[in-house]
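The following exercises ask the reader to work through one structure step by step. Each task is followed by its solution.

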Amino acid sequence: MPDPQPDSDTVGVYLHVPFCRRVCPYCDFAVVAARCLEASEEERYLTALLAELERRAPIFAGRRLVSLYFGGGTPSLLQAESLARLREAVGALFPPAPGGVEITLEVNPSTLERERLPAFRSEAGVNRLSLGVQSFDDSLLKALGRAHRAEESHRTWAAARRAGFENLSLDLIFAALHQTPAMLAQDLDEISALAPEHVSTYELTLEPQTPFGRAAERGRIRRYPADRAADLLDTIQSRLTADGFEQYELTNFARPGFESVHNSRYWTRSPVLALGTGAHSSDPPSEARPYGARPANPRLLAAYLARVEAGEPVAEAVDVPDAAQARAEAVFLALRRRVGLSAEAFAAEFGAAPRHYFASAIELLASRGLLIESPEGDMRLTQRGRLLADTVFEYFA
Amino acid sequence: MTRVDPERIRNFCIVAHIDHGKSTIADRLLELTGMVSGRDRQDQFLDNMDLERERGITIKAQTARMRFTAADGEIYILNLIDTPGHVDFSYEVSRALSACEGALLVVDAAQGIEAQTLANAYLALESNLEIIPVVNKIDLPSADPDRVAQEIEDVVGLDASDVIPVSAKSGQGVAELLQVIVDRISPPVGEPEAPTRALVFDSWFDSYVGVVMLVRIVDGQLQRRDRIRLMISGGEHEINQLNVIDPVPRRVERLGVGEVGMVVAGIKTLSDVQIGDTITVQSRPASEALPGFQEVKPMVFAGLYPVEAEDYEDLKAALEKLKLNDSSFGYEPETSAALGFGYRCGFLGFLHGEIIQERLEREYGLNLITTAPTVRYRVVPKCGEPFEIESPAALPDSTEIERIEEPIISATVHVPSEYLGAVIRLCQDRRGVQKDLVVHGDRVQVRYELPLNEVVTDFHDRLKSATRGYGSFDYDLEGFRPSSLVKLDVLVNGDSVDALSLIVHRDNAQSRGAELARKLKEFIPRQQFPVAIQAAIGARIIARTTVRALRKNVLAKCYGGDITRKRKLLEKQKAGKKRMKMVGSVEIPQEAFLAALKLGDE
């Protein structure tokens with residue numbers, strides 16, 4: 001697992017692929033529906049990504065590549081050959097780190113992707129798959145507007161193993177719609193049987209700008225009762241832990257050694273070069289921006305393409321945290337992880353230990369059993385603290 | 001300036017149910033007598049506010065002196081006297097009425113007699129005024145003036161043939177009305193040679209000249225430079241201006257018997273002048289003041305707190321300004337552990353309180369929390385002198401108290417008979433004792449003795465909704481009576497929330513306490529620990545509920561783009577928390593106080 005501090009000598013690259021066969025009614029990512037992706041459209045987007053890569057790479061120059069992540073949308077809609085071209089271009093700019101490069105691809109359980117899996121591995125060098133399984137309950141999948149059913153998840157899973165993938169992650173949704181504890185228990189049984197290396201959990205959130213969010217506002221979808229969601233979270237934690245997973249981050253579980261290299265970069269505030277629509281980079285600190293910066297790309301495909309093709313700066317907004325904001329981020333991101341916050345690393349970056357800035361918050365939260373502070377000043381959340389993380393984080397904002 | 005013959009003066013007011021056209025009729029009368037209407041003057045006045053304030057004197061919209069040439073060829077002076085609009089000011093209304101010899105009772109030709117019509121008619125009858133029934137809006141398609149005239153005869157007891165049909169909108173009948181005023185209303189009667197007695201029936205503060213008193217000369221006369229004495233309050237002043245209002249203030253040298261005018265006498269604060277006082281002239285003082293004076297004392301009290309602590313100074317400035325123009329309310333600083341710094345304010349009645357609060361919020365842009373209104377209680381301690389308290393916080397421990405006395409009112413409700421049952425239920429619910437019940441046609445007048453504290457919170461609203469707006473309500477203070485009263489406290493995790501303490505009747509304590517606890521529970525967000533909400537009388541807990549601890553507050557994922565969003569969300573949440581009030585370690589949002597203080601609304 002990476003150190004609990006910014007890993008500034010390396011870089012992770014995120015490539016966003018906005019295309020989806022259909023848009024899920026709860027999704028608020030930057031996506032476009034494309035029933036079938038035209039070759040010309042794919043080529044145009046690919047060209048834009050490569051152009052943006054060339055333009056943005058110098059800020060990250062001299063860093064070794066530790067992760068490459070194809071996210072979306074549905075990046076598995078791209079041809080293996082396209083992924084290979086992207087990978088080569090990234091590799092040409094950033095030499096691989098000595099420990100190797102984690103190359104993740106998000107995959108939807110479907111026939112098309114299933115057939116491409118061997119090529120993704122052999123041609124594009126993908127060595128980790130994140131499968132958008134969500135649930136094995138067909139009624140829930142249907143209600144969520146997903147195209148696939150449990151049967152397809154099983155087949156895709158088997159195909160991935162057959163293709164030689166040894167690092168598989170799956171997404172598990174919970175506190176969603178009519179999901180019952182029994183339904184979740186069933187999902188956990190299935191997970192137990194499949195024995196993935198990594199599980200990402202997602203509580204269904206009803207974002208305002210989505211069809212589900214609007215339906216919830218009109219009272220047509222019921223928000224999941226918080227106490228029942230807490231029960232489900234309890235079940236997930238105890239079951240996955242019993243199955244040999246560690247909750248290494250609030251919403252992520254892994255077998256030892258299979259923590260996501262890429263996603264850990266966000267929680268350690270390490271540099272990430274993110275390309276494509278709606279992508280948010282974490283630029284490394286510079287003299288002008290001692291705490292780095294987070295440029296945000298346009299979410300709309302047309303706007304993104306227009307900017308890249310016109311040679312304009314791509315980001316439409318840049319968040320440049322000041323010292324106080326950076327401290328808040330350092331704390332709440334580190335506390336998301338089981339290893340927690342290192343007082344030493346914090347002091348190295350901000351000149352003084354966390355206690356110097358947050359003494360009363362730390363004492364209050366520790367006295368309420370939400371947080372544990374070591375004699376060295378390191379901090380991590382307790383089990384209760386993990387359930388009330390957003391309440392805890394507020395004290396550091 | 002020639003002396004005005006009292007025989008040529010008519011003093012009158014207009015009383016009406018709300019929306020039946022009082023202002024429109026007043027405007028028409030002014031226009032027909034060649035004057036700018038009250039509303040135009042008001043608009044004009046507002047347009048030139050700053051300048052006018054420097055030059056002129058503020059006036060009240062509807063008070064005016066008109067000249068009218070009657071059928072006999074003589075010129076008459078008609079003084080239209082404005083009356084305040086609602087029950088808390090019934091004393092002021094009665095003073096204004098006593099400055100008149102007649103009243104126009106205006107009834108809407110389509111809607112007929114409504115509750116307020118009766119209440120107003122009775123007020124006018126009690127003041128021995130000549131009442132001219134006027135049916136207005138006869139131009140409306142739905143108008144039925146004959147039916148309404150008959151209703152006036154049946155219900156109020158005025159002759160239907162005396163009813164004057166008018167349309168203030170078109171002007172139809174208004175000229176005739178002026179002649180009727182001259183014909184039917186008696187001229188003022190007074191002794192021109194007797195020692196001066198002038199009734200102060202209204203007063204206000206003008207930033208340029210100070211206090212302005214609106215007076216009606218009963219006996220004798222007032223002249224500029226007269227040294228005057230306020231017979232009740234005892235103040236002595238010199239008149240530096242006398243004005244009549246026709247249509248804007250016009251200076252005159254003297255006011256004689258029956259005349260109405262404004263007196264400016266270098267008085268700096270409004271509280272030095274009491275409505276109902278009698279002005280006499282120092283050189284030849286009257287021996288007896290005019291009858292009917294009552295001291296006006298605040299009866300209803302509430303704490304006003306700014307929602308934002310930094311608005312405290314603004315609240316203070318606003319109260320000072322309001323007080324300049326309304327001597328009937330008072331305020332003093334008060335501190336609440338839960339709500340911070342604010343003011344304890346006293347009002348004539350609950351409507352008065354609502355008006356003040358509304359003005360503070362609307363005119364001064366303040367965002368306020370108002371604690372539950374309470375009344376003045378008389379506490380008789382086991383040893384020592386009886387004293388009065390205006391706040392639950394001031395009530396000593398029950399072991400030190402012999403008894404508590406509460407103010408009792410005599411309340412009169414006028415209501416269509418179909419709603420009588422609802423009114424009786426409401427009054428009984430509020431510990432009322434029925435005193436009498438009189439039926440007028442399909443209207444009923446019912447009188448109850450009620451504890452004032454049962455009336456201050458929402459009695460009026462309840463009455464209005466139980467009678468679909470037709471019930472009208474009026475009250476007089478009867479006196480104090482011993483009662484089984486207790487102080488109800490609300491505790492949050494053991495800490496008392498002082499702003500929510502109430503004095504209630506023992507029989508109601510249980511239900512009020514439970515309701516308070518329930519309301520608070522609804523609005524206190526779940527926290528990291530369980531929050532016990534208790535209602536207590538002294539050390540005895542009478543109601544209890546718990547806000548369970550928050551079990552889970554963590555939203556999903558946090559990857560690339562989520563970080564900025566997440567941080568901003570946390571910053572926003574934290575800012576929101578700053579607006580919460582801390583009671584012990586419990587964060588209580590403003591809405592919880594507002595909701596708890598609005599008890600019994602649903």
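**Exercise 1. The interface**

Determine how much area is buried between chain A and chain B, and which residues and charged pairs take part.

*Solution.*
Step 1. In this predicted model, the area buried between chain A and chain B is about 3,500 Å². Carbon and sulfur atoms give 52% of that area.
Step 2. On the side of chain A, the residues that lose the most area to chain B are D227(A), D390(A) and E394(A). Together these three account for 19% of what that side buries.
Step 3. Counting the participants gives 43 residues from chain A and 28 residues from chain B.
Step 4. Ten salt bridges are counted between chain A and chain B. One of the residues from Step 2, D227(A), forms a salt bridge with R526(B). The closest N and O atoms of D227(A) and R526(B) are 2.7 Å apart, and the criterion for a salt bridge is a distance within 4 Å.

**Exercise 2. The two chains**

Describe each chain by its secondary structure, burial, contacts and accessible surface.

*Solution.*
Step 1. Begin with secondary structure: chain A has 15 helices and 15 strands, while chain B has 14 helices and 34 strands.
Step 2. Turn to burial. Chain A has 397 residues, of which 58% count as buried; chain B has 602 residues, of which 56% count as buried.
Step 3. Consider contacts between residues at least 6 apart in sequence. In chain A, 71% of them join residues at least 24 apart. In chain B, residues 24 or more positions apart account for 70% of such contacts.
Step 4. Finally, take the accessible surface. For chain A it comes to about 15,700 Å², with 52% belonging to carbon and sulfur atoms. Chain B exposes about 25,600 Å², and carbon and sulfur atoms supply 48% of this.

**Exercise 3. A pair of helices**

Establish how helices α12 and α13 of chain A are arranged and which kinds of residue form their contact.

*Solution.*
Step 1. Helix α12 of chain A covers residues 343–350, and helix α13 of chain A covers residues 354–367.
Step 2. Their axes come within 10 Å and cross at roughly 115°.
Step 3. From α12(A), the residues A343(A), F346(A) and F350(A) meet P354(A), Y357(A) and F358(A) of α13(A).
Step 4. Classifying the residues of this contact gives six nonpolar, no polar and no charged.

**Exercise 4. A residue in a strand**

Is S130(A) buried or exposed, and with which residues is S130(A) in contact?

*Solution.*
Step 1. S130(A) is placed in strand β6 of chain A, which spans residues 128–134.
Step 2. S130(A) counts as buried because its relative accessibility is 6%, and the cut-off for buried is under 20%.
Step 3. Setting aside neighbours within four places in sequence, S130(A) is in contact with Y69(A), T104(A), L105(A), E106(A), V107(A), S169(A) and D171(A).

**Exercise 5. Backbone details in loops**

Locate G73(A), R269(A) and R431(B), and state the backbone feature found at each.

*Solution.*
Step 1. G73(A) is in the loop between β4 (64–72) and α2 (80–93) of chain A. The peptide bond from G72(A) to G73(A) is cis, with omega near 20°.
Step 2. R269(A) belongs to the loop between α9 (261–267) and β11 (272–275) of chain A. R269(A) is not a glycine, yet its phi is positive, about 55°. With a relative accessible area of 18%, R269(A) is buried.
Step 3. R431(B) lies in the loop between α10 (420–429) and β25 (433–440) of chain B. R431(B) has a positive phi of about 65°, although it is not a glycine.

Terms used. Residues are numbered from 1 along each chain as its sequence is written. Chains are lettered from A and ligands numbered from 1 in the order in which they are written. This is a predicted model: local features need pLDDT of at least 70, side-chain atom pairs count only at pLDDT 80 or more; totals for chains, interfaces and linings use all residues. Side-chain values use heavy atoms; hydrogens and water are left out. Axes are lines fitted to C-alpha atoms, for helices over the stretch in contact, and angles run from 0 to 180 degrees between N-to-C directions. Helices (H or I, at least four residues) and strands (E, at least two) are DSSP runs, numbered from the N terminus. Contact means heavy atoms within 4.5 Å. Ala, Val, Leu, Ile, Met, Phe, Trp, Tyr, Cys and Pro count as nonpolar, Asp, Glu, Lys and Arg as charged, and the others, Gly among them, as polar. Buried means under 20% relative accessible area, exposed over 50%, partly exposed in between (1.4 Å probe, protein chains only). Accessible areas come from the Shrake-Rupley method with a 1.4 Å probe; for residues, only the protein chains shown count as cover. Buried area is the accessible area (1.4 Å probe) that two parts lose on being put together, summed over both. A salt bridge is a side-chain nitrogen of Lys or Arg within 4 Å of a carboxyl oxygen of Asp or Glu.
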